[in-house]
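Please work through the exercises below with the sequence and the model open side by side. Each one sets a task and then solves it in steps.

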Amino acid sequence: MSVTRTRRSATRTTRTKEPAKPSLGLPRHKKNSRLSDKERKVFAQQVVAAYTGEQQGAIRQIADETGRSYGMIHRLLSQEGVRFRPRGGKPAGAATEDAE
């Protein structure tokens, strides 16, 4: 007796890719590499500049670009006394309320 098996068609949901965000110009670090105190201070200054500067990079964007974890970037910013932006950006109606 032969058994006939039917294959299920694999349906994948594809995400639309968001446009690539511009690079923040941060150095990439090797995974799990330690930073000396001097390197950490320089890196912290670069991270603060990327978060608070003109481009205002998100913590996740900074973490992805540098190869460091979200937690480390958040901790560095916190230790440097950076005031965090609110989550999610401006509310949808904020632009129309200002115009009135």
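The exercises that follow concern a predicted model, and they go from one helix to the core and then to the aromatic rings.

**Exercise 1. Determine how the buried and exposed residues of helix α1 are arranged around its axis.**

Step 1. Begin with the extent of the helix: α1 runs over residues 37–52, which makes 16 residues, and its first and last C-alpha atoms are 22 Å apart, close to the 22 Å expected at 1.5 Å a residue.

Step 2. Next, list the residues with a relative accessible area under 20%, the cut-off for burial; in α1 these are Phe43, Ala44, Val47, Val48, Ala50 and Tyr51. Because they cover an arc of only 160° around the axis, they lie on the same side of α1.

Step 3. Turn to the other side of α1, where Lys38, Lys41 and Gln45 are exposed.

Step 4. Finally, look for what lies over the buried residues of α1: the cover includes α2 (59–66) and α3 (70–79).

**Exercise 2. Identify which helices supply the largest nonpolar core, and with which residues.**

Step 1. The largest nonpolar core has 16 residues, and those with the most contacts inside it are Phe43, Val47, Tyr51, Ile62, Ile73, Leu76 and Leu77.

Step 2. Assigning the core to helices shows that α1, α2 and α3 each supply at least two of its residues, while α1 gives the most, with six.

Step 3. Such a grouping can be set beside a general tendency, for in soluble globular proteins nonpolar side chains tend to be buried together.

Step 4. Take Leu76 as an example: leaving aside neighbours within four places in sequence, Leu76 is in contact with Arg40, Phe43, Ala44 and Val47.

Step 5. Ile59, which is found in helix α2, can be examined in the same manner. With a relative accessible area of 9%, Ile59 is buried, and, not counting residues up to four places away in sequence, Ile59 touches Tyr51, Tyr70, Ile73, His74, Leu77 and Phe84. One of these partners, Tyr70, is 11 residues from Ile59 along the chain, yet their C-alpha atoms are separated by 6.5 Å.

**Exercise 3. Classify the aromatic pair of the structure, and find which charged side chains sit over rings.**

Step 1. The structure holds one aromatic pair. The rings of Tyr51 and Phe84 have their centres 6.1 Å apart and their planes at 70°, so this pair is edge-to-face, since planes over 60 degrees apart count as such.

Step 2. Place both rings in the chain: Tyr51 belongs to helix α1 and Phe84 to the loop between α3 and α4, so that the pair links distant parts of the chain, 33 residues apart.

Step 3. Compare their accessibility: Tyr51 is buried at a relative accessible area of 4%, whereas Phe84, at 30%, counts as partly exposed.

Step 4. Now search for charges over rings. Arg85 lies over the face of Tyr51, at 4.1 Å from the ring centre, and the charged end of Arg60 sits over the ring of Tyr70, 4.5 Å from its centre.

**Exercise 4. Describe the setting of Gln56 and of Arg83, each of which is found in a loop.**

Step 1. Gln56 is in the loop between α1 and α2; although not a glycine, Gln56 has a positive phi of about 45°. Its relative accessible area of 44% makes Gln56 partly exposed.

Step 2. Arg83 is in the loop between α3 and α4 (94–99) and, at 78% relative accessibility, counts as exposed. Arg83 and Thr52 are 31 residues apart in sequence, and their C-alpha atoms are 9.1 Å apart in space.

Note on methods
Residues are numbered from 1 along each chain as its sequence is written. This is a predicted model: local features need pLDDT of at least 70, side-chain atom pairs count only at pLDDT 80 or more; totals for chains, interfaces and linings use all residues. Side-chain values use heavy atoms; hydrogens and water are left out. Helices (H or I, at least four residues) and strands (E, at least two) are DSSP runs, numbered from the N terminus. The expected span of a helix is 1.5 Å times one less than its number of residues. Buried means under 20% relative accessible area, exposed over 50%, partly exposed in between (1.4 Å probe, protein chains only). The arc is that of the directions from the helix axis to the C-beta atoms. Contact means heavy atoms within 4.5 Å. A nonpolar core is a set of buried Ala, Val, Leu, Ile, Met, Phe, Trp, Tyr and Cys residues joined through side-chain atoms within 4.5 Å. Rings of Phe, Tyr and Trp (its six-membered ring) pair if their centres lie within 6.5 Å; planes under 30 degrees apart count as stacked, over 60 as edge-to-face and the rest as tilted. A charge sits over a ring if NZ of Lys or CZ of Arg is within 6 Å of the ring centre and within 35 degrees of the ring normal.
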